[in-house]
Amino acid sequence: KKKKKQINFMGLDFSKIKSKLNASQTKGERIDYSKIYFKPTLGKQTVRILPWKGDPTNPFIEVQFHKYDTFKKYIPTQVNFGESDPILEMRKAVYNDPESTEDDKNLMKNFAPKNSIFVQVIERGKEDLGVRLWELNKTNFEAVASIAAEEDEYGDITDIASGRNLIVEGYNELN
């Protein structure tokens, strides 16, 4: 004979509710992004670009992000991790579907990933902050890449022992 499962209806556990409420009201630790990212400030700073551990032959790494305006956040695409990205797959399916309207395709433009290029740097005089990431805009990427590409003039600028420091100048609040 099977036993009937008995369901117990209990009252609220007020201590659990109060604990959850308290946790939601207390602010967590704020992340000091200046310890993770390098961003030029007004004036000149000296930096050394470092090689990537994963690919020491190329100091530049390209990362794709989805931007969600609702949350004002950038979320890395799964492509960065060698996996298929469901948002990009959906976008591709809409573009390839013969029944998709121009409105559908225009909507999918909002789901195009943003590409960012990063290099690892150590800021001279602030070595205690450790290795940080510098996100390069197109202009900065082209300037740094043109220096890195000058093999005869500069050599390997990322070489730890004999590489070159770069002087970076921030010229406004947007850098």
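A salt bridge, as I use the term today, is a side-chain nitrogen of Lys or Arg within 4 Å of a carboxyl oxygen of Asp or Glu. K138 and E142 meet that definition, because their closest N and O atoms are 3.1 Å apart. I will come back to that pair. One thing to say early is that this is a predicted model.

Let me start with the overall layout. The protein chain has 175 residues, and 23% of them are buried. Its secondary structure comes to five helices and seven strands. Read from the N terminus, the order of elements is α-β-β-β-β-α-α-β-β-α-α-β. If you take the contacts with a separation of 6 or more, 59% of them are between residues 24 or more positions apart. As for the surface, the chain exposes about 14,100 Å², and carbon and sulfur atoms supply 53% of that.

Now the inside. Which residues have the most contacts within the largest nonpolar core? That core has 14 residues, and the ones in question are V47, I49, F60, V119, V121 and W134. Several elements give two or more residues to the core: strands β2 (43-50), β5 (114-123), β6 (132-136) and β7 (165-170), together with helix α4 (138-148). The largest share is three residues, and that share comes from β5.

V119 is a good residue to click on. Leaving out residues up to four places away in sequence, V119 touches I49, W52, P59, F60, R132, L133, W134 and L136. Of those, I49, F60 and W134 are also on the list of residues with the most contacts inside the core.

Another residue to look at is L50, which is in strand β2. Is L50 buried or exposed? L50 has a relative accessible area of 11%, so it counts as buried. With the same sequence neighbours left out, L50 touches P59, Q120, I122, V131, T158 and I160. Take V131 from that list: V131 and L50 are 81 residues apart along the chain, and their C-alpha atoms are separated by 8.3 Å.

Next, the charged side chains. As a general point, side chains of opposite charge can pair when their charged atoms come close. How many salt bridges does the structure hold? There are five, and I will go through three of them.

The first one I will show is K114 with E135, at 3.2 Å from N to O. This pair links distant parts of the chain, since K114 is in strand β5 and E135 is in strand β6, 21 residues apart. Both ends are partly exposed: K114 has a relative accessibility of 31%, and E135 has a relative accessible area of 39%.

The second is E123 with R132, where the closest N and O atoms are 2.4 Å apart. Here both residues are buried. E123 and R132 also belong to a network of salt bridges that takes in K126. R132 came up earlier too, as one of the residues that V119 touches.

The third is the pair from the opening, K138 and E142. Why are these two separated by about one helical turn? They are four residues apart in helix α4, and that spacing is the reason. K138 is exposed, because its relative accessible area is 63%. E142 is partly exposed, because its value is 44%.

Two more places, both involving loops. I36 sits in the loop between α1 (14-25) and β1 (37-38). With a relative accessible area of 36%, I36 is partly exposed. I36 is part of a nonpolar patch on the surface, along with I31, Y33 and Y37. Together these four have about 400 Å² of accessible area.

The other loop lies between α2 (86-96) and α3 (102-109), and S100 is in it. At 15% relative accessibility, S100 counts as buried, because the cut-off for that is under 20%. What lies 2.6 Å from a polar atom of the S100 side chain? The backbone oxygen of V94 does. Apart from residues up to four places away in sequence, S100 touches V94 and K105.

To recap the main stops: a 14-residue nonpolar core, five salt bridges, and a nonpolar surface patch that includes I36. That is what I have for today.

Definitions and conventions. Residues are numbered from 1 along each chain as its sequence is written. This is a predicted model: local features need pLDDT of at least 70, side-chain atom pairs count only at pLDDT 80 or more; totals for chains, interfaces and linings use all residues. Side-chain values use heavy atoms; hydrogens and water are left out. A nonpolar core is a set of buried Ala, Val, Leu, Ile, Met, Phe, Trp, Tyr and Cys residues joined through side-chain atoms within 4.5 Å. Buried means under 20% relative accessible area, exposed over 50%, partly exposed in between (1.4 Å probe, protein chains only). Contact means heavy atoms within 4.5 Å. Patches are made of residues with over 30% relative accessible area and no salt bridge: like charges are joined within 9 Å, nonpolar side chains (Val, Leu, Ile, Met, Phe, Trp, Tyr) within 5 Å. Accessible areas come from the Shrake-Rupley method with a 1.4 Å probe; for residues, only the protein chains shown count as cover. A polar contact is a pair of N or O atoms within 3.5 Å; within protein, one must be able to donate a hydrogen and the other to accept it, and residues adjacent in sequence count only if both atoms are side-chain atoms.
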